[in-house]
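Here is a friendly walk through a few spots in this protein, from its surface to its interior. Have the structure open and follow along.

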Amino acid sequence: MTEAVWHPILQAWRTRSVRAGLLGSVLIVLGALSPAYLPQVSPVWEVLYRLRLDGPFSKWAGTILTMIGLGLLLESWLRLRPARRRARGEPQLRHWAVLVVIAAPMLIAPPIFSHDAYSYAAQGWMLHNHVNPYEVGPGVLPGQFADQVAWVWRETPAPYGPLALRMSHWIVVAAGFDPVLSALLMRIPALVGVVLIGWLVPRIARRSGVDPSAASWFAVLNPILVIDFVGGAHNDSLMVGLMLFGIWTTMRYRHWWLGAAIVGVAAAIKQPALLAAVALPFLASPPGPRGSRRILVPLARATASLAVAVAVFAGLSVATRLGFGWINAVHVPGLVETVSPSSIIGHVIQFFVNLAGVDPTGRAAVRAARTVGFVVAGLGIAWLAWRHLQRRPLHFVSWSFILFALCAPAIHSWYVLWGGVLFPMTRPSQRWLRAAIVMTAVLLGFAAMNFAMRNGPWLLGLLLLWAIWESVHAHELSQNWEPGALATPGSPR
């Protein structure tokens, strides 16, 4: 057993590309020890003060290390592509072992590219003090827990599922009510999600006739997963892991109701998981030819599956004594500006509207564009259901989540992983696969650039971001992919 665990890890360690990814993680962790990442009340500041690393030097160094680390992590990911290693005659690596090596430094780092873990801790503290996070923001309880939270979230209610909030409460209690330790321990549920993703992706891929090695490479070793799920400790990780567990359970045992119950638990972490429940009956018992009356039975089961998931979600909402107050906070994620297409289009239109002086609010075009984004997402998901749900349910789940993430008022890199973990199962063409790789680089680059601007030297960050883009472009887009690289069954994991 010990050899079966350590041998793949040692094999990964001996691979130059894996060590490059490890170095990238180390540099990102070191770059996180800068004002952009650390709350003002972090005890790390005391160490930086003593080492005299709290001035402009730490800001410049943090930006440089972060950008170089991100570039190394992306480069490592691309070089570890199974098709590339196969073409060079190199042995395939166990991707869980590669992830262990590359992600190890993130385990001791402050939250990476996000302060959400501090919000989780503050919301757990609120529950301990009998304050409902669905009604008020963390700022209602002044102190170190609230001080760690990013200012934009201090006065906003929590948009998360009731089970996520209750778990935050349990972690705060287990941490002895230490604010910093509580935030760091928020990685525990995130790591549970990462383990589920790493275990289930190759198994779902094999049952879908997709190369498990290629699927694991894209989903499990994806830099977004490494940085946002391990480093950022986002509760989306556990939601995605449980959602995959529900899908795999349905495919393995053909009991859609059991998978729906698991998806309901995932939705109690974060609500979008409910969408996956619709596809489960089609995974359990594929219907007859298109147009057959037999489609009415699976459709009825799809409705029943969604009802089971909603019932479990509602039951957990009652059991946690938190109810459905998250409805009051559905607008919260859209309070920050991101590179979501609807927001970008809205701001471009708003610029000309403001020049004309016809909108006293200065936000009408942005709100209208975001509303159109929701409409496009709804219509697009309906079309995907009509086009793919009966024949390719995983295609429907993956693209529906991706479309929802792209059309939402705010898009974060980890949102794309909702559907991205199943993206290989859609058997994407070379063009779509390359687009997904570029999107990965762009979203992580934007997150890094956002923090680089907080550190001050935005021009340097922009130049380094350009260098990262050139690296991806030169290394990835100029290469020829094997036809059907993600659809070749039988490769080793």
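## From surface to core

Tryptophan 96 sits in helix α6. Keep in mind that this model is predicted. Is tryptophan 96 buried or exposed? Neither word quite fits: its relative accessibility is 33%, so tryptophan 96 counts as partly exposed, because that class lies between under 20% for buried and over 50% for exposed.

Tryptophan 96 also belongs to a nonpolar surface patch of about 440 Å², together with Val5, Trp6, Leu10 and Val100. Two elements, α1 (2-13) and α6 (95-103), each give two or more residues to this patch. Helix α1 provides the largest share, with 3 residues.

Next, visit threonine 156, in the loop that runs between α8 (144-148) and α9 (162-174). With a relative accessibility of 13%, threonine 156 counts as buried, because the limit for that class is under 20%. Its side chain comes to 3.1 Å from the backbone oxygen of tryptophan 153.

Here are the two residues side by side:

| Residue | Relative accessibility | Class |
|---|---|---|
| Tryptophan 96 | 33% | partly exposed |
| Threonine 156 | 13% | buried |

Beyond four places in sequence, threonine 156 is in contact with Val136, Gly137, Pro138, Val332 and Leu335.

Finally, the interior. In soluble globular proteins, nonpolar side chains tend to be buried together. The largest nonpolar core here has 130 residues, and those touching the most other members are Ile197, Ile204, Ile227, Leu244, Ile247 and Leu422. Take isoleucine 204 as an example: apart from neighbours within four places in sequence, its contacts are Leu244, Ile247, Trp248, Met251, Leu394, Leu422 and Met425.

How values were computed
Residues numbered from 1 in each chain as written. Predicted model: local features only at pLDDT ≥ 70, side-chain atom pairs only at ≥ 80, totals over all residues. Heavy atoms only, no water. Patch = residues over 30% accessible without salt bridge, like charges linked within 9 Å, V, L, I, M, F, W, Y side chains within 5 Å. Areas by Shrake-Rupley, 256 points an atom, 1.4 Å probe, with all protein chains shown as cover. Salt bridge = Lys/Arg side-chain N within 4 Å of Asp/Glu carboxyl O. Helix = DSSP H or I, 4+ residues; strand = E, 2+ residues; numbered from the N terminus. Buried < 20%, exposed > 50% of the residue type's maximum accessible area, 1.4 Å probe, protein only. Polar contact = N/O pair within 3.5 Å; in protein donor to acceptor, adjacent residues only side chain to side chain. Contact = heavy atoms within 4.5 Å. Core = buried A, V, L, I, M, F, W, Y, C linked by side-chain atoms within 4.5 Å.
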